[in-house]
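Open the model in your viewer and keep the sequence panel beside it. This tour goes from selection to selection.

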Amino acid sequence: MAAHTGKNYERQVMRHLTEQDKAVFFELDIKIPARVTGDLRQIDVWLPKSREIIECKHHVRPVDVGVIDSLLGKMDDVGASSGRVFSHSGFTRAARARAAKSGIGCEELAFEESFDVYPERSGRGYYFGDYIDLCLASTRECDSYGRINYADGDGNDWPVCVGHSVDWHNRQMHSFISYVLMTHYLGEPPAEEAIAFFLDEYGKRFEAGFEWRIDEGEVSRIAFAV
């Protein structure tokens with residue numbers, strides 16, 4: 001069973017976005033300076049191309065109107081063009097009314113315990129990542145975006161995640177790459193400890209350049225779920 005954590009839900013939202021649009025570019029858990037004060041505002045998921053903020057709410061109760069008001073303030077601070085809120089527990093009537101009046105999208109996305117839409121692994125394949133183009137991100141730290149692929153060993157390969165911004169020196173991005181690889185191998189989200197072990201073992205490969213390869217056996221040695 002997947003651990004019900006805010007981090008896992010953010011990763012599931014990001015995966016959902018790439019399934020909807022393979023060309024989507026996004027950054028996760030970044031801080032953008034406010035236009036007037038210069039204070040840094042934390043953003044769960046940022047779509048730099050459209051300048052959209054996406055909030056991911058893993059709450060027990062439905063999202064209330066305060067979350068919508070907070071998002072509107074954040075949008076104004078950083079000059080965002082639009083905003084959406086994802087929630088696995090729904091929204092209150094007041095929150096939906098406030099969002100509709102302000103042009104905020106409210107989307108319900110159930111927390112997934114397991115995944116069955118990834119290409120089936122072969123047992124002898126490998127994962128690889130490649131550089132796509134210059135990043136459209138707003139932050140100086142990010143200079144590229146990329147793709148995570150799975151090759152089955154028979155000459156076939158499929159993208160398992162496309163278009164997210166990749167800062168090769170950003171541990172948050174490395175964590176997400178590790179999450180995608182191990183989720184494909186396990187069929188469910190990996191434990192946070194497995195992600196940490198994976199980064200300790202293979203994280204430097206992501207920093208080495210714009211192309212990397214990790215055999216399926218290397219993933220199997222470390223991957224485990226809660």
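Is Phe 224 buried, partly exposed or exposed? Select Phe 224 and show its surface. Its relative accessible area is 33%. Buried would need under 20% and exposed over 50%, so Phe 224 is partly exposed. Keep in mind throughout that this is a predicted model.

**The ring pair at Phe 224**

Add Phe 197 to the selection. The structure holds seven aromatic pairs. Phe 197 and Phe 224 make up one of these, with ring centres 6.3 Å apart. The planes stand at 45° to each other, and the pair counts as tilted. Now trace the chain between the two rings. Phe 197 sits in helix α5, residues 192–207. Phe 224 lies in the segment after α6, which spans 216–222. The two are 27 residues apart, and the pair links distant parts of the chain. Phe 197 is partly exposed as well, because its relative accessibility is 46%.

**More rings**

Select Tyr 127, Tyr 150 and Trp 158 next. Ring pairs join these three into a cluster.

Then look for charges over rings. Go to Tyr 185 and show Arg 121. The charged end of Arg 121 sits over the Tyr 185 ring, 3.9 Å from its centre. Move on to Tyr 126. Here Arg 213 lies over the face of the ring, 3.6 Å from the ring centre.

**The nonpolar cores**

Step to Phe 198. Which residues does Phe 198 touch, leaving out those up to four places away in sequence? Show its surroundings and you will find Ser 178, Leu 181, Met 182, Gly 203, Phe 206, Ile 214, Val 219 and Ile 222.

Widen the view to the largest nonpolar core, which has 39 residues. Leu 181, Phe 198 and Val 219 touch the most other members of this core. Colour helix α4, residues 171–186: with eight residues, α4 supplies the largest share of the core. Another core, of 18 residues, lies apart from it. Ile 30, Ile 32, Leu 71 and Val 85 are among its members.

**Strand β3 and its hairpin**

Select residues 52–57, strand β3. Six of its six residues are buried. Look along the strand to sort the side chains. Glu 52, Ile 54 and Cys 56 point one way. Ile 53, Glu 55 and Lys 57 point the other way.

Now add strand β2, residues 40–47. β2 and β3 pair in the antiparallel sense, over three bridges. Check the register at Val 45, which stands opposite Ile 54 of β3. The two strands form a hairpin with four residues between them.

Stop at Arg 51 in that loop between β2 and β3. Its phi is positive, about 55°, although Arg 51 is not a glycine. Arg 51 is partly exposed, because its relative accessibility is 32%.

**Across to β4**

What is the sense of pairing between β3 and β4? Select residues 82–87 to see β4. The two strands run parallel and share six bridges. Glu 52 faces Ser 82 in β4, and the bridge partner of Ile 53 is Gly 83. Bring in helix α2, residues 65–78: β3, α2 and β4 make a right-handed β-α-β unit.

Turn on the surface around β4. Five of its six residues are buried, so the strand is largely enclosed by the rest of the structure.

**On to β5**

Select residues 105–108, strand β5. β4 and β5 run parallel, joined by four bridges. Val 85 has Cys 106 as its bridge partner in β5. Between these strands the chain passes through helix α3, residues 93–102, and this β-α-β crossover is right-handed.

**Last stop: Ser 87**

Why does Ser 87 count as buried? Select Ser 87 in strand β4. Its relative accessibility is 0%, so Ser 87 falls in the buried class. Show the residues around Ser 87, leaving aside its neighbours within four places in sequence. The contacts are Tyr 9, Lys 57, Val 63, Glu 107, Glu 108 and Leu 109. Lys 57 takes you back to β3, where it points the same way as Ile 53 and Glu 55.

How values were computed:
Residues are numbered from 1 along each chain as its sequence is written. This is a predicted model: local features need pLDDT of at least 70, side-chain atom pairs count only at pLDDT 80 or more; totals for chains, interfaces and linings use all residues. Side-chain values use heavy atoms; hydrogens and water are left out. Buried means under 20% relative accessible area, exposed over 50%, partly exposed in between (1.4 Å probe, protein chains only). Two strands pair if DSSP finds at least two bridges between them. A crossover is right-handed if, with the strands pointing away from the viewer, the path from the first strand over the helix to the second runs clockwise. A nonpolar core is a set of buried Ala, Val, Leu, Ile, Met, Phe, Trp, Tyr and Cys residues joined through side-chain atoms within 4.5 Å. Contact means heavy atoms within 4.5 Å. Rings of Phe, Tyr and Trp (its six-membered ring) pair if their centres lie within 6.5 Å; planes under 30 degrees apart count as stacked, over 60 as edge-to-face and the rest as tilted. A charge sits over a ring if NZ of Lys or CZ of Arg is within 6 Å of the ring centre and within 35 degrees of the ring normal.
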